[in-house]
Amino acid sequence: MKESRGPVSEFLATTRGKILALTAGLAVAGVAIEHETRPVAARTVEAARSEPLSPHEARMEALKRSDTGRTIETPEQIAARFAVIDPLINLAYYKDNSKTMIIQIDRYLGVLLFDPLTEKDAEYARMSLEEVGECLRPIIERGKKKEADEARRILKGRLHEELIETIRRMDSDEVVDSRVFLGLTVQGPRSASFDDIRGAWKDKMTRKSTTSEKVRTFAPVVREQLKDKEGSLTFASWIDRQQEAIDLFAAHAEELGYSPDLIKLITPEAMLGVIHAEIFPDLDAETFVRLAPVLFETYNVAFAPAMGDKRFSGGLAQMTAETFEGILKKHRVALEKIRDTDTGATFTVPTAGNRKEFASSMLTDANSQFFYNVFVLAENTRLATRGVSKDKRFVAAWKKASEDERALYMGALISMANNLPSAAKHSAETSLDEHPRSIAEMARSLSGNTTVDTAARNGRVGGATAEYLVEMGKK
């Protein structure tokens with residue numbers, strides 16, 4: 001590492017022995033955090049494969065490992081971690097460590113929203129959190145702005161990493177009680193936290209700003225149907241079940257009026273970008289993906305209401321009642337035939353006028369919701385690609401693109417299309433004109449080619465998720 005930090009590097013020189021000891025795995029004096037763990041349920045280990053994984057399969061396996069690889073610690077161990085983190089958060093935000101933060105919404109979420117450590121911060125990444133604090137405290141307290149700001153940036157980056165690791169070791173009750181996500185939609189300061197999923201739907205139903213006739217009609221039914229479903233869907237189980245729904249849809253794509261090749265591009269990884277963009281856009285891709293197992297299990301995101309509109313809407317794709325009604329009106333006969341003839345079809349088709357069946361199929365019955373999520377994304381993606389998919393330039397570029405490059409493109413485009421297909425279509429056509437030979441370059445320019453703020457946000461967030469997952473699948 002180049003010596004380019006000025007006062008920070010000079011101070012680190014006095015701790016060189018500690019750094020060497022740390023990198024050699026030796027014990028260093030300081031506050032010790034024990035890592036003894038509670039036993040977790042045994043996991044099923046699949047038999048070794050004789051063939052190498054495809055990039056898609058590698059990403060799927062990496063995502064599932066991110067859930068099954070979690071270790072849950074005792075409350076005492078979590079408290080010990082926060083005993084180290086909390087004083088350093090104060091140090092990072094205030095010169096005087098005796099001051100405490102009054103607005104709790106900023107305390108942990110502010111650290112999660114800060115950029116992670118970069119490669120040039122590797123020296124700090126090798127140190128314990130306590131040691132980073134020891135190194136940077138005199139610089140921060142000395143108060144010279146340039147050096148102190150750099151020290152705070154490094155400390156916040158280190159806190160960001162430690163907070164992620166701590167959250168991944170917490171059970172759902174501890175996550176909610178610690179209020180680490182206070183300020184996000186899933187745990188708003190003036191509404192029910194999504195861990196209380198029935199309370200969240202009550203808020204959706206009773207708040208004047210988000211109440212409509214359809215909300216008043218269906219929200220009470222949803223609240224009744226969601227009894228005992230808290231924490232019932234883990235991240236790893238969603239990945240497998242969503243893939244099954246995609247495969248089922250792909251098997252009947254032509255019956256429903258879609259190209260099977262198009263449906264193959266809709267993957268759980270691409271859908272994770274949609275979830276990131278629609279529900280957790282404030283988090284960077286790495287933070288969201290690494291914490292997705294906790295977010296799924298704690299906040300019931302599969303059954304959550306969309307809090308930013310007046311419609312009856314929610315779930316992983318933030319589907320609206322109007323969209324679901326349109327699917328049923330156009331495809332009811334085909335859907336009923338698939339349901340009745342395919343033994344693998346686990347979705348339901350609600351009887352016309354039946355409120356309970358409508359709410360269950362659209363939202364609260366997981367297998368049905370996952371299937372109809374594919375339907376929504378298939379339709380929106382078809383609309384977004386109907387121009388470029390027939391363009392010879394795009395066809396040639398797509399043909400020579402790698403599977404990873406295609407994943408980057410679809411990750412951004414599907415997230416944009418889920419927000420507004422017309423904006424995604426315009427962006428796809430403009431990006432093709434700008435970069436007619438490179439799918440990767442098209443992917444990177446998609447979000448910048450629309451004036452619709454929400455569509456641009458979705459493209460940017462979905463693309464960042466895809467980029468992180470592509471690299472994750474290579475490790």
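The protein's accessible surface adds up to about 22000 Å², and carbon and sulfur atoms account for 51% of it. Keep in mind that you're looking at a predicted model. Of the 475 residues in the protein, 51% are buried. Below is the overall picture, followed by a helix and a residue worth finding on screen.

**Overall build**
- The protein's secondary structure comes to 23 helices and 2 strands.
- Take the contacts between residues at least 6 apart in sequence: 74% of them join residues at least 24 apart.

**Helix H17**
- Helix H17 covers residues 355–364, and just at its start a side-chain oxygen of Asn-354 comes to within 3.1 Å of the backbone nitrogen of Lys-356.
- The buried residues of H17 are Phe-358, Ala-359, Ser-361, Met-362, Leu-363 and Thr-364.
- Helices help to cover those buried residues, including H10 (197–206), H11 (213–225), H16 (321–341) and H18 (366–385).
- Strands E1 (313–314) and E2 (319–320) are part of that cover too.

**Ser-431**
- You'll find Ser-431 in helix H21, which runs over residues 421–434.
- Ser-431 has a relative accessible area of 0%, so it counts as buried, the cut-off being under 20%.
- Once you set aside neighbours within four places in sequence, Ser-431 is in contact with Met-442, Ser-445, Leu-446 and Asn-449.
- With one of these, Ser-445, there's also a polar contact: the two serine side chains are joined at 3.0 Å.

Conventions. Residues numbered from 1 in each chain as written. Predicted model: local features only at pLDDT ≥ 70, side-chain atom pairs only at ≥ 80, totals over all residues. Heavy atoms only, no water. Helix = DSSP H or I, 4+ residues; strand = E, 2+ residues; numbered from the N terminus. Buried < 20%, exposed > 50% of the residue type's maximum accessible area, 1.4 Å probe, protein only. Contact = heavy atoms within 4.5 Å. Areas by Shrake-Rupley, 256 points an atom, 1.4 Å probe, with all protein chains shown as cover. Polar contact = N/O pair within 3.5 Å; in protein donor to acceptor, adjacent residues only side chain to side chain.
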